[in-house]
Structure formats: C-alpha cells, structure tokens
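This briefing concerns one helix and a set of side-chain contacts, and it is meant to be read alongside the model. Please keep the sequence and the coordinates in view while going through the points.

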Amino acid sequence: MNVQADELESSPRTPIAFYPPRPGAIQQAPGVARQMSALARAVHNAVSPQYNISTEAANGPINTQAVVDGASSRRVATGRTIHGVFNPLDAVLAETFESRHSQGTAQEDPTIRRMEGLAYKALAMIYLADMKWRLLPRAPPVTDPLANPENGFLDPSDLTIEEAFVLYLRALSLLHRAMVDASRHWASLHPDDMSDGGSGTQSTGASLKTSVTVSAAFNGAVQWVRSKFNECLERAEMLKQLANGHELDNVGQVLVVQVLYEQALAISKVAAQRELRWIDPLDCDRAYQLAIWMLSAILESDSDSPYVSRQTELRTKAGTDLEVGPHNRTIVEQFIVSIVKRRKALRRRLMQQQPVDV
C-alpha cells in the first residue's frame with residue numbers, strides 16, 4: 001500500500017486503485033488517504049483561473065423574515081439559497097457541489113453529481129456516528145441544532161459505540177468511492193499518460209501539467225471528499241478511546257440497515273411532530289433531508305469497497321446487510337417518497353412563511 005501511495009505521489013495521474021476486501025481493512029485507510037492527498041494536490045494545481053469566481057457571486061443571500069409563532073413574534077432565517085438549494089442540510093457541502101453551476105464544466109458535471117450523492121449519503125452516516133464521538137472529552141461543543149440532544153432529533157443513547165464505529169467505516173467506503181470517481185475522471189484527462197501503464201514519466205508529466213486544466217468546482221469536490229475522509233478516519237480511531245481501550249468485539253453484530261432505518265424513522269417522526277406545532281420548521285426541513293439521505297444510504301451498495309472485510313462478510317451480516325432485497329428496497333423507496341412529499345409541503349409553507357394552525 002505504501003509503495004503504491006509513493007508511486008501516486010510522484011505521478012498523481014494514476015487512478016486510485018480498488019483494493020481487494022480483506023481482514024483489517026481499516027488499516028488500509030491511511031494509505032488511501034495518502035493517495036487522496038496526492039490526487040487532491042494535483043487537481044488543485046490544475047485549476048483553470050477562468051473558473052475562479054468569488055464565493056459571493058456563486059451563493060445566494062441569507063434572508064430573514066418575521067414569523068408569528070403562537071402569541072409571540074420572532075424572526076426566523078430562511079437559510080441560504082445556494083443555486084436554488086433552500087435551507088441545505090450542510091451549507092458547506094451544498095456550496096461546494098452546487099458551485100458546478102457557475103464554476104464547473106459540462107464534462108465534469110456527471111462526475112461531480114455522482115460524488116455529491118455519495119457525499120450526502122456519507123454525511124448522513126457521519127451525523128449519526130458523531131453522536132458518540134461528541135462524548136469524547138476533547139470533542140467541540142455542538143452547534144448544529146439537529147445534533148443537539150436537547151432538541152430531541154438525535155439521542156446518543158440510541159446508538160452504541162460499535163454502531164457508530166461501523167457507520168464511520170461505511171462513510172469511509174462511500175467517500176472512497178467518490179474519490180475513485182474523481183480519479184477516473186482525472187485519468188481520462190491524461191490518456192497518453194495511461195498508455196504507458198500509468199508510470200507517469202517526468203517528460204510526460206511536465207507537458208500534461210501545462211495542458212490539462214480542471215474547474216474550481218471539480219477541485220472543490222475533490223478537496224471536500226478528501227477532507228471529510230481524513231476527518232472521518234480520525235474520529236473512527238478516536239472512538240476506540242471511548243471504548244476504554246477494549247476491542248470493539250461486537251462490531252460484527254452491527255446491522256447498518258437496521259440502524260439507518262430506525263434512526264431515519266425516529267428523526268422523521270420528531271420532525272413531523274414539531275412541524276405540526278410549527279416549532280423550528282427550518283430544523284424540521286433539515287431533519288427530513290437527513291432522514292432521506294439515511295434511507296438513500298441503505299440502497300447504496302458498497303460491496304466493492306476496501307472497507308468491507310471479507311472475513312466479516314463470512315462471519316456476520318455486517319458486510320452484506322446493505323445488499324437490500326427487492327421487497328425491502330421497495331419499502332425503503334416508499335418511505336423516501338413519503339418524506340419527500342412531506343418536505344415539499346413544508347417547503348411551500350416556509351417559502352410563504354405561513355405557520356400551520358393546529
């Protein structure tokens with residue numbers, strides 16, 4: 001792994017490789033992170049100046065309007081609208097990927113779209129896993145209303161350390177796949193370099209560095225995925241501290257599908273109850289988004305990921321439970337549709353700033 005990573009550092013045009021699943025796959029993550037760093041540096045250096053526009057030009061304003069809540073009147077921020085994305089689940093993620101409309105190219109758009117879907121699904125898992133990570137002594141204070149247990153959307157006691165650890169692994173696998181997509185697009189820009197097996201001679205590399213450019217949107221997507229991968233890896237390792245040095249023996253018993261489904265059901269119910277009473281409707285909107293991406297992550301297969309241990313697949317269901325059968329897939333898809341409809345109705349009221357009478 002280290003040898004392959006060193007080769008990529010010297011020739012960053014080589015695509016990130018798929019590694020065969022094997023026991024202890026988490027140990028591969030630092031090597032993959034090094035590959036991501038090499039690719040991220042190469043992409044960053046290839047950004048064309050013509051796509052570098054200001055953040056202010058790419059993003060919409062933050063608006064605030066008065067909302068009547070019962071007998072009192074208060075002001076509620078409608079949230080930043082980024083290229084038509086109202087009240088995004090994660091403003092940084094939305095700003096990063098939606099910038100393709102103003103800072104991207106048609107050639108890159110399909111890749112960025114695939115990376116975006118994987119990023120949101122990974123983010124949904126990270127949201128849940130972070131509940132346990134925040135119990136660490138050095139964890140920063142909660143600033144996201146959805147992540148604050150006092151608001152009732154998410155409760156750390158609903159998740160075990162083992163479940164949080166596995167969710168981080170699943171998130172790592174999806175972020176890895178997103179970077180694989182980026183790597184394949186990057187490699188497609190260097191067909192001559194790939195003809196020699198990806199060896200990347202110095203002369204070829206020098207000519208390509210001056211002739212190949214990418215957009216700021218593609219670079220932003222790559223940097224976001226790389227940063228989130230490193231952050232997720234670090235937090236997964238830190239969870240071991242929360243386990244008081246003991247091995248996470250029950251990791252193999254974790255059923256990710258069950259965890260995601262139950263949490264999506266719980267958070268959507270809380271959002272619906274608060275919406276009917278018109279309590280923090282913007283948080284309800286984001287809670288619906290989070291539930292949708294949790295359920296979407298269930299439908300995302302990661303059987304080709306290096307983070308699915310073949311030993312774990314044979315020993316338990318942990319490595320295979322994301323392979324949802326047709327009947328269960330239909331149930332999950334119908335659940336997604338129902339939440340999407342509820343969110344659309346809420347968004348209409350939010351745009352009109354008219355509370356619901358209960």
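## Helix α6 and its aromatic contacts

In this predicted model, helix α6 covers residues 109-133, and its 25 residues, at 1.5 Å a residue, should span 36 Å, which agrees with the 34 Å that separates its end C-alpha atoms.

**Course and setting of α6**
- A kink of about 25° occurs in α6, and tyrosine 127 is at its centre.
- Because 22 of the 25 residues of α6 are buried, the helix is largely enclosed by the rest of the structure.

**Aromatic pairs**
- Three aromatic pairs are found when the whole structure is searched.
- One of them is the edge-to-face pair of phenylalanine 97 and tryptophan 224, with 6.0 Å from centre to centre and 70° between the planes.
- This pair links distant parts of the chain, since phenylalanine 97 belongs to helix α4 (residues 91-98) and tryptophan 224 to helix α10 (residues 216-242), 127 residues apart.
- Phenylalanine 97 is buried, with a relative accessible area of 0%, and tryptophan 224 also counts as buried, at 10% relative accessibility.
- Tyrosine 120 and tryptophan 293 form a stacked pair, at 4.9 Å centre to centre and with 10° between the planes.
- Here too distant parts of the chain are linked, with tyrosine 120 in helix α6 and tryptophan 293 in helix α12 (residues 281-298), 173 residues apart.
- Tyrosine 120 is buried, its relative accessible area being 7%, whereas tryptophan 293, at 23% relative accessibility, counts as partly exposed because buried requires under 20%.

**A charge over a ring**
- Arginine 235 lies over the face of tryptophan 133, at 3.6 Å from the ring centre.

Definitions and conventions. Residues are numbered from 1 along each chain as its sequence is written. This is a predicted model: local features need pLDDT of at least 70, side-chain atom pairs count only at pLDDT 80 or more; totals for chains, interfaces and linings use all residues. Side-chain values use heavy atoms; hydrogens and water are left out. Helices (H or I, at least four residues) and strands (E, at least two) are DSSP runs, numbered from the N terminus. The expected span of a helix is 1.5 Å times one less than its number of residues. The bend at a residue is the angle between axes fitted to the seven residues ending there and the seven starting there. Buried means under 20% relative accessible area, exposed over 50%, partly exposed in between (1.4 Å probe, protein chains only). Rings of Phe, Tyr and Trp (its six-membered ring) pair if their centres lie within 6.5 Å; planes under 30 degrees apart count as stacked, over 60 as edge-to-face and the rest as tilted. A charge sits over a ring if NZ of Lys or CZ of Arg is within 6 Å of the ring centre and within 35 degrees of the ring normal.
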